[in-house]
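I opened this notebook to keep track of what I looked up, one part at a time. My plan was to go through some helices and then a few single residues.

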Amino acid sequence: MIPVGKPTIGDEEIAAVNEVMHSGMLAQGAVVTQFENEFAEFCGTKEAVGINSGTAALHAALLALGIGDGDEVIVPTFTFIATATAVSMCGARPVMVDVDPKTYTINPDEVAKHISSKTKAVIGVHLFGQPFDIAPVKDICEDNGLFLIEDCAQAHGAVYKGKKVGGFGDAGCFSFYPTKNMTTGEGGMVTTDDLRLAEKVRRVINHGQSEKYLHTELGFNLRMSNLNAAIGRVQLSRLDGFNKKRQENAAFYNDNLNCTGISTPFCRDDSVHVYHQYVVELGDEFKMDRESFMNFLREKGIGSAVHYPMPVHMQPLYKSDFNKADCPVSEDLSKKVLSLPVHPGVGISECEYICETINRI
Ligand SMILES: Cc1ncc(COP(=O)(O)O)c(C=O)c1O
């Protein structure tokens with residue numbers, strides 16, 4: 001089976017973990033600091049703070065920005081649930097808005113429409129590896145005194161108007177889950193140019209501690225370990241290569257998928273897409289329904305997945321609060337999208353086989 005997602009782990013990652021194991025310094029320490037410095041340099045931000053998941057990165061960034069009870073944060077509804085639940089975890093209300101039908105990313109007009117006196121921040125998601133249209137969203141935030149958070153969980157190394165994502169807003173939040181463009185096993189990172197915000201994030205993730213055993217605020221234990229950072233340092237050094245391979249696979253699909261009713265992903269011409277997922281849309285003219293298509297692919301040894309079968313505002317967790325949400329684009333997309341294997345472990349011969357198999361339908 002060609003899996004739809006798989007981490008690329010080699011001897012170097014294993015050796016790096018072994019080294020930390022032998023050092024005895026397993027928890028947060030010097031290796032995390034090295035990884036943070038390298039990641040900040042990669043993103044072009046002044047600071048990066050290592051955390052134990054992408055969800056924790058969003059949660060900690062929101063808390064450090066002072067988001068809490070009674071506040072509203074605008075989020076796209078076509079995303080992974082954590083973009084919204086991180087807001088709820090702070091006691092604030094995620095306000096779900098619709099996405100652009102071509103890029104699947106947050107629609108700036110919808111952001112403007114949903115601002116209220118309680119709105120404190122906007123989280124835009126660089127979905128599937130493609131940056132959202134940052135400039136208009138940033139303008140709206142600046143005009144209305146709102147914080148801007150980039151959810152970069154799926155877009156390590158993606159570029160918008162010549163600059164890498166993670167440094168456009170008040171904070172960028174990354175995930176290093178195993179299927180992401182790079183991994184630490186589990187892990188996350190907050191990037192920022194605001195040194196005071198970085199310090200606040202460091203306190204939030206470490207028991208609200210400002211000096212050893214001096215606790216000035218309520219905090220959590222959301223720290224990254226040296227073990228995870230050791231994997232991350234190696235993966236970061238390989239990230240450009242991983243992204244290049246994802247782009248090559250995506251380009252092959254773009255050029256060779258040729259089946260009535262299947263449309264290939266739209267790619268903004270002011271951005272560099274890093275194809276966390278390669279997502280096709282199944283139109284009405286396509287001969288099979290999505291489930292039968294996925295079963296057909298599975299029988300042929302091809303993994304696929306749906307990202308995402310239900311927009312966040314329709315999830316049982318949020319449905320009662322958002323049953324009147326007007327997000328037709330996201331509702332429609334959730335019925336049509338399908339992700340094909342694009343990760344660096346997929347060779348061109350496998351892409352060829354996948355295209356031939358689909359084109360024969
Ligand atoms: C868009 C988005 N945001 C946030 C997260 C949460 O990251 P993690 O799984 O590391 O907590 C993910 C991970 O799947 C994601 O895809």
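**Entry 1: helix α6**

I began with helix α6, residues 134-144, and listed its buried residues, which are I134, V137, I140 and C141. The model I am reading is a predicted one. Around the axis these buried residues cover an arc of only 130°, which puts them on the same side of α6. I then checked the other side of α6, where E142 and D143 are exposed.

Next I asked myself what the buried residues of α6 pack against. I found that they pack against α5 (108-113), β4 (119-125), β5 (147-151) and β6 (159-160). Before leaving this part I also noted that G145, just after α6, takes a positive phi of about 65°.

**Entry 2: helix α12**

I turned to helix α12, which runs over residues 348-359 and has 12 residues. From its first C-alpha to its last it reaches 16 Å, and I noted that this is close to the 16 Å expected at 1.5 Å a residue. Its buried residues are C351, I354, C355, T357 and I358. Looking down the axis of α12, I saw that these buried residues fall within an arc of 165°, so they line one face of the helix. When I looked up what covers them, the list included α8 (226-256), β12 (262-263), α9 (290-299) and β15 (337-340).

**Entry 3: helix α3 and its two partners**

I reminded myself that two packed helices are described by the angle between their axes and the distance between the axes. For helix α3 (residues 54-64) and helix α4 (residues 82-89), the angle is about 40° and the axes are 9 Å apart. That makes α3 oblique to α4, because angles from 35 to 65 degrees fall outside the parallel and perpendicular ranges. The crossing in which α3 passes α4 is right-handed. On the α3 side I wrote down T55, L58, H59 and L62, which meet A82, T83, A86, V87 and M89 in α4.

I then looked at α3 with helix α7 (residues 195-204), where the axes come within 9 Å and cross at roughly 120°. That angle makes α3 oblique to α7, and the crossing of this pair is right-handed. Here A60, A61, L63 and A64 in α3 meet L197, K200, V201 and V204 in α7.

**Entry 4: residue A61**

Since A61 lies in helix α3, I followed it up by asking whether A61 is buried or exposed. With a relative accessible area of 0%, A61 is buried, because the cut-off for that word is under 20%. Leaving out residues up to four places away in sequence, A61 touches A171, C173, V190 and V201. I also looked up A61 with R202, and these two are 141 residues apart in sequence but 9.8 Å apart in space, C-alpha to C-alpha.

**Entry 5: residue N181**

My last entry is about N181, which lies in the loop between β8 (171-175) and β9 (188-192). N181 is buried, with a relative accessible area of 2%. I wanted to know which residues N181 touches, not counting those up to four places away in sequence. The answer was Q154, H156, L239, F242, N243, R246, V274, Y275 and H276. Finally I looked up N181 with V165, which is 16 residues apart from N181 along the chain, and their C-alpha atoms are separated by 14 Å.

Definitions and conventions:
Residues numbered from 1 in each chain as written. Predicted model: local features only at pLDDT ≥ 70, side-chain atom pairs only at ≥ 80, totals over all residues. Heavy atoms only, no water. Helix = DSSP H or I, 4+ residues; strand = E, 2+ residues; numbered from the N terminus. Expected span 1.5 Å × (residues − 1). Buried < 20%, exposed > 50% of the residue type's maximum accessible area, 1.4 Å probe, protein only. Arc of directions from axis to C-beta. Contact = heavy atoms within 4.5 Å. Axes fitted to C-alpha atoms, helices over the stretch in contact; angles between N-to-C directions. Parallel < 35°, antiparallel > 145°, perpendicular 65-115°, else oblique. Left-handed = near helix turned anticlockwise from the far one by under 90°.
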